[in-house]
Structure formats: structure tokens, C-alpha cells
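Grab your viewer and try these short exercises. Each comes with a worked solution, so have a go before reading on.

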Amino acid sequence: KLYQASPSNIVGPSLMTSDITQLNSGVCRVVQPLYEMLSDKEKRCFSDMLKLLPQDQLLSLKDTVTNRAIDVRSRNDAIRAIVSYSETPEQLLRRRKIKRDLLFQYLARNNVIIPPTAEKADLIRRVLEFWGIEVATKVQWEDEEENRQPVKLKGEIQLLAEQFCTWFFNLLNSHHPLHKSAPVEGWGPQHFWADTQLKMEYHTPDLHREQYEGAELVSQRLLAIVQNDLLIFNPNIAADGVKGKKDPHGLVAVLVCGTVHRQEKCLGVFEQCFCLVSDPNKQNNYKIKSTNLRIRGKEVMGIPRLEAGSDELLPITA
């Protein structure tokens, strides 16, 4: 394949002079290196993943891999250059320009379910397993992502919101007919106030709305989403996927987002809001006063996160 290159940057640390033949027209031809690099299968797998990168990020990654030694004419040329001059799958996956969002998006497109909170090293391992590449489980890969923000201590309400969502979705998902283990005991109307309300929206792509009232009906309809509709919720239990707020009267609102799956297919994303009120007759444990659920069928472009201004979706003011 021909690549446009300037005479001043034909050869760099990533390219050996034996790999390039200079032509009179100022165009260079890249030939196969004499040493073993990615296999044909690995190149095909990476090519599929790299197609998800935006143009600017793809070209930036190409510059990093080739040390700016090759100027390409198209996206396909850039992808070819990247896979041709990467030595191992792990080396390429660990690069800073291969973000967690890209790995998560790639796995979701290929119907591989993994928690949105998974670290980059876990996502890399899952990608390699999906490709059928042996993973060295004892190897601790260095995190080459940008420096993370300092860990902030979570407030009491944020911790409550994350713990509630973990409990709720683990309990609900356990009743899926294809769940690997027996359902977790405890699902039922006892977790809802008698006058609780459920509002649901499906965008698939037409808009469908449903509304239910009463602890028994709300409990049964939510359970039917998993048991009958065969959906699995994969919430993002992290600060960017869960928000909690409490008003002066003790009402707690929880907003959560994540992905929705049916069997091994990722269908889209969801957002769900809960209003929780403590029950003095149940040792002040919280019960669900109301909940709104919105499911949107769409291609997952990365880890689902609550957008800026999502506090406005919470039905209370602190």
C-alpha cells in the first residue's frame, strides 16, 4: 500500500530503514517488517475496534504508533499503519489513546456484558478473551490512562444511592430465567409503599408509555421486565452513573443510568429515578415511593454517564 511521506520524516523509531523503499515520486512503500508482530487474526480484530474511533483520535493514535513517520490518505490507511507497527495486542490496548469508553463500546457492540465501572485492565482482559487470545492473569498492566482525578470522599447520600442501586438491580436481575444461579430471595411488594407509582417509557424507536399504581402492580411489572421481557439491567454504579439527593423532610431521590441487554445482545441504555422514603415501622429502612424508568434502544457509544444538569431530573430540591 502506498503512503504519502515527506523526506524529512520517512524513518522514525517505530520504522526501520529496511522496512521502507523510497520512490522518485516522493511516495514511500511500506513493506512487511522482517520480525513477527500482530497476527492476521489480531490485525482483523483491531481493525474492527479502530473503526469506532473518531477521525482525529485515529490519526493521533497513528502518529503515536508510527512516531509520525507516515502520512496517510484515508482512515483505512491509518488503521493499516497502526496494526502493522504494533508489536503485541497488549501493547496497543494499553496505549493512552485507547480509552475505557472505546473498549466498553467495542464489547457492547459485540454483546459482551461487563460492568461500566470495570477498570481498563479488566476491559483489556475481556477483549483479549473475546478474541481468543491467552491472557496472563498474573500480569499487572500499568494503567496508561491520563492521570485520574484524586479520589473524593463520598457523602452519606451518595453512598446510600450507590448501595441502593447495587441491591435493587442485583435482586431484580437474579430473577432472569437464564440467570446462572438461583434467584435472590426477597423480591416483592414489601419494598414499595402501598400507593407507589411506576412510570415507564420505551423508545424502540417509537415511544411507548405505561403507568402503574400500587405496590403489588408495580412490583409485578418490574419483575416482568426481567422474567417475561428477558431484559438485564447493567447499571453504572459510580459517581458518574448514580446521583443521590435528600430534601429537608427526609425524601431521598436516586438517579441511575446504564445499559440494557437481552440475552447476549446490547439493546441500548436506560435511566431510572427512584423516590425513597424511610419506614418507621421497618427500623427506618427505605422503601420505594415512586420510580420512573426510561429505556432507549440505541447504539452504545461508550460508558453510560449522567449528563451535566441531570440533577434537574431529580424530583426534589435539596
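**Exercise 1.** Work out how helices H7 and H8 are oriented to each other in this predicted model.

*Solution.* Start with the axes: those of H7 (residues 156-173) and H8 (residues 215-227) come within 9 Å and cross at roughly 60°. Next, check the class: perpendicular begins at 65 degrees and roughly parallel ends under 35 degrees. The two helices are therefore oblique to each other. Now look at who touches whom: H7 brings Phe-168, Leu-172 and Asn-173, while H8 brings Leu-222, Leu-223 and Val-226. Sorting those residues gives five nonpolar, one polar and no charged.

**Exercise 2.** Find the strands that pair with E4, and the residues opposite Lys-199.

*Solution.* Take E10 (residues 285-297) to begin with: E4 (residues 192-203) pairs with E10 in the parallel sense, over eight bridges. On that side, Lys-199 sits opposite Asn-292. Then turn to E5 (residues 207-213), which runs antiparallel to E4 and is joined to E4 by seven bridges. Here the bridge partner of Lys-199 is Gln-211. Finally, trace the connection: E4 and E5 make a hairpin, with three residues between them.

**Exercise 3.** Count the disulfides, then see how Cys-275 fits in.

*Solution.* The count is zero. For Cys-275, the nearest cysteine sulfur belongs to Cys-273 and is 5.3 Å away, whereas a disulfide needs the sulfur atoms within 2.5 Å. Now for burial, where the cut-off is under 20% relative accessible area. Cys-275 has 8%, so Cys-275 is buried. Cys-45, at 13%, is buried too.

Methods:
Residues numbered from 1 in each chain as written. Predicted model: local features only at pLDDT ≥ 70, side-chain atom pairs only at ≥ 80, totals over all residues. Heavy atoms only, no water. Pairing = 2+ DSSP bridges. Helix = DSSP H or I, 4+ residues; strand = E, 2+ residues; numbered from the N terminus. Buried < 20%, exposed > 50% of the residue type's maximum accessible area, 1.4 Å probe, protein only. Axes fitted to C-alpha atoms, helices over the stretch in contact; angles between N-to-C directions. Parallel < 35°, antiparallel > 145°, perpendicular 65-115°, else oblique. Contact = heavy atoms within 4.5 Å. Nonpolar A, V, L, I, M, F, W, Y, C, P; charged D, E, K, R; others polar.
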